[in-house]
Amino acid sequence: MDLRSVVFLAISSLLPQPGILFAVSESGTEGMLRWKSLPNLPEAISGQFAGVDNGALILAGGSNFPVPLFEGGQKVWLDTIFVLERGQSQWLTGFKLQRPVAYGATVSTPGGVICLGGGDAERNSREVFRLRWIDGKVQQTPLPNLPATCAMSSAALLGKVIYLAGGQAAPSATSALRNFWALDLNQNPPKWQALEGWPGPARILPVTGALDGAFYLFSGAELTSGSDGKAVRRYLRDGYRYRPGKGWDRVADLVRPIVAAPALASGQSHLLVFGGDDGEHAFRIWELKDEHPGFSREILAYHTITNTWTRAGTLPQSLVTTAAVHWDGDFVIPGGEDRPGHRVDSVITAQFAGSHASFGIVNYTVLVAYLGANILIGVYFARRQKSTNDFFRCGQRIPWWAAGITIYGTQLSSITFMAIPAKTYSTDWLFILNNAAIPLVAPIVIFWYLPFFRRLNATTAYEYLEKRFNLAARLFGSASFVLLQSGRMAIVLFLPALALSVVSDLNVVVGILGMGMLSTVYTMLGGAEAVTWTEVMQFVVLFGSAALTLILIATNIEGGPGTLLAVASADGKLRAFDWSWSYITASVWVVLLGNLFGQLIPYTTDQSVIQRYLTTPDEKQAGRALWVNGLLTIPSSIVFFGIGTALYVFYKQHPGLLHPGLQTDAIFPWFIVTQMPAGISGLVIAGLFAAGQSGSQSSLATALVTDFYRRFRPQASDQKCLSAARWLTLALGAIGMGTALLLASYPLRSLWDVFLTILGLFGGSVAGMFALGIFTQKAHAAGALTGAATSVITLILVQRYSQAHFFLFAPIGVLTCFVAGYVASLIIPAERRPLAGLTVYTLNSSPTSAELVRR
């Protein structure tokens, strides 16, 4: 038994018995899809290519029976193309393929609808082509042929790679293919690659899908030769997963076969399978004829994280040998075969009825009471804000234990509140070493960084950079912080508000304004002191609600905490160490090394953190505060990682309670609003609101006033600076809320992510400059700025051209700046500056009178 198991058992022994705190809500997601009809097709078809391009639904080829099968009719293969533009009531016709074809595979891509293989009555095809809808016309472009003729296959797009599996080489073949081919659309020109097949029988008409970084293959029918020499189907229920670079592994079997069923990915981790032929009446087709009851109408949902199947509703009609496509957020299934020999001309479409749960009056009451308490704290401390020292540094009267809690609270945002449980729920405990680096960093900061900030009596960390190097270094460091923190403030408001709006009736705008206005008001009134004490209260709410959640989940899992531990361990969810030497995965050395530097960056360069340990009466108490912060990460990490593992086991036991359209990051809020008792869920949401109030306005106002306004207007009185800080707090809050509202209203998320990623490149360079200043005597301003620029350029190249794990970006950035800056300082001539009290070698030296005047 490993350390994680011991921890879980220790916690389990203290928990109540199962089922005593709340009853599991079994309302589930059955029937959440709401179906309606689109304009009927010009003719009934099945086996057609189907996809979406430039907002239009394109159907091509297929087959039908002009004369009913059981009246002696023969199947006819089609070359027609039908197009339906969004919002139109009639299909556009008159377009043709180069030849009739049906039963191929289709993949919709940003560059068009890719049609793969297929065949007719006489032969199957290798042809691959692209269909595009441009200027009212269908454009057909050939692509590289398949490695061999193939029909009755299935394909899916993973990233920019098309994977095709299974099929039949010829219409009369009595054996299926076990082929697995890949076409990388990034290649120019693209070329098919034959990969190792799955470890199971060859098959036709399997169900496939791609999501969560993997290609999935389920069911299908194996072919054997019958007594009459014709193919006989054996219906399969097995399932497999292919992960690039890792190969195949077995996943959960189906409860029934789902041959020729249309399927689509939903959300980040569900594959929806619509109907399918289960083979129940496969050998009675000519006996039943038109009395055939049709195929299954059951919708199944496979969850990739918990590896479980569950019911997700019922189709309006049974359908096979057709495709399902995403069209502007809807699921669309055009045409198909509702019983053997009979095609339909209907087109059905579905949307989720919604994933909202009512928040309720009790929860709203708890939330409003909590928010009101925050405002009262701001009002109470407003009377103490007499100077900028009060507003920025709390008059240096914060006790060490409270300062330690606020350092911890500053680093724990609403994103973390959701992301850590979501990450552990979907993977394992590998990232726990990320938090383990915080206690390891504490002594480094206490012994080698803290003395400089405290003995210089600094208000911002960047004052040190000017004293050690020059004004440009100070402005570079401060501006990097201001830009990144401003962007982060919008994300910290937007993401939790978005998650809450998805899973409850809390409006995203109300969530953004509620969190933003709350933190702005109490910060503007009470300054850093109000921020400190609200963060202490927020820690109690945050950690208390999280711990309570873990207890509630663990005690209501069937079998209790013991089962939680057993299931999690059996499924590898407690894995915390990867002992490989790979630099592209979260191996132990990558996580530890990366996060030692990754945690060093905020604790030595981030004003929002450093400001907290400048609020204590002296250096000794500041050191204690850092130790408190480091020690708090131990129980909090266990709780937040434990919540993710507990959620995994809970939903593995109750997969029907998951919403198929849910994003993984929203799993914790989804559990809160759907499963927790009224009042308690309000308290946990209050904790989420608490984490969204990062006190960013206080540290941003401090940096802007101290490093820019006061630095360039030294004649400004302290009261003018205090007034400027209050107005800046208000303006910064408005900017943060405004930007968050823009992200909620317009598709700017990807651009904003790029913006924050670029700004994040500067963190390592600023940390490298601090290290240069503290640990060397020969480094000077020109060398330090050269090192910073070199660090940013190096990180851009590493991110773009290497596969290095992102944890390694921090050490690469810091060390590049340090080494390049030191070498540049040896090469570039510069005037020597006085260093008394500014390096580890001169920390206890007293500056001369001339040096003081110069500074």
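**Notebook: strands, a pocket and some odd backbone angles**

I began at strand β17 (residues 214-218), which pairs with β20 in the antiparallel sense over 4 bridges. Two strands pair if DSSP finds at least two bridges between them. Strands (E, at least two residues) and helices (H or I, at least four) are DSSP runs, numbered from the N terminus. A note to self on the source: this is a predicted model, where local features need pLDDT of at least 70 and side-chain atom pairs count only at pLDDT 80 or more, while totals for chains, interfaces and linings use all residues. Residues are numbered from 1 along each chain as its sequence is written, and side-chain values use heavy atoms, with hydrogens and water left out.

**Entry 1: around β20**

I looked up one pair in the β17 and β20 ladder and found L217 with Y240 as its bridge partner in β20. On to the next neighbour: 5 bridges join β20 to strand β21 (residues 247-251), and the two run antiparallel. Here Y242 has W248 of β21 as its bridge partner. I then checked the turn: β20 and β21 form a hairpin with 3 residues between them, and G245 in that turn has a positive phi of about 90°. Is β20 mostly covered or mostly open? Strand β20 (residues 239-243) is mostly covered, with 4 of its 5 residues buried. Buried means under 20% relative accessible area, exposed means over 50%, and partly exposed is in between (1.4 Å probe, protein chains only).

**Entry 2: around β13**

Next I turned to strand β13 (residues 161-165), where 5 of the 5 residues are buried, so the strand is largely enclosed by the rest of the structure. I sorted the faces: V161, Y163 and A165 lie on one side, I162 and L164 on the other, and all are buried. Strand β12 (residues 154-158) pairs with β13 in the antiparallel sense over 5 bridges. Within that ladder, A155 has L164 of β13 as its bridge partner. The β12 and β13 hairpin has 2 residues between the strands, and G159 takes a positive phi near 65° there. Strand β14 (residues 180-184) is joined to β13 by 5 bridges, again antiparallel. I162 stands opposite L183 in β14.

**Entry 3: backbone angles**

Which peptide bond is cis? I found the one from N188 to P189, with omega near 0°. P189 lies in the loop between β14 and β15 (192-194).

I also noted two residues with positive phi that are not glycine. T321 has phi near 45° and is found in the loop between β25 (308-314) and β26 (325-327). D328 has a positive phi of about 50° and lies in the loop between β26 and β27 (330-334). I looked up their accessibility too: T321 counts as buried at 15%, whereas D328 counts as exposed at 56%.

**Entry 4: I81 and S681**

I81 lies in strand β6 (residues 80-85) and is buried, with a relative accessible area of 1%. I checked its partners beyond four places in sequence, and the contacts (heavy atoms within 4.5 Å) include I58, L92, T93, F95 and V138. I81 and T93 are 12 residues apart in sequence and 6.5 Å apart in space, C-alpha to C-alpha.

S681 sits in helix α17 (residues 680-692) and counts as buried because its relative accessibility is 1%. Leaving aside neighbours within four places in sequence, S681 is in contact with N363, I672 and M676. The side chain of S681 makes a polar contact with the side chain of N363 at 2.8 Å. A polar contact is a pair of N or O atoms within 3.5 Å; within protein, one must be able to donate a hydrogen and the other to accept it, and residues adjacent in sequence count only if both atoms are side-chain atoms.

**Entry 5: the second largest pocket**

I closed with the second largest pocket, which holds about 1,700 Å³ of space. Of its 50 lining residues, the closest to the centre are K75, M152, A231, R233 and I285. A pocket is an open set of points on a 1 Å grid over the protein atoms alone, where a 1.4 Å probe fits, with protein on both sides within 12 Å along at least five of seven lines; lining residues have an atom within 4 Å of a point. Grid points are joined across faces, edges and corners, and the volume is the space filled by probe spheres set on them. Which element gives the most to the lining? I found β19, with 4 residues.
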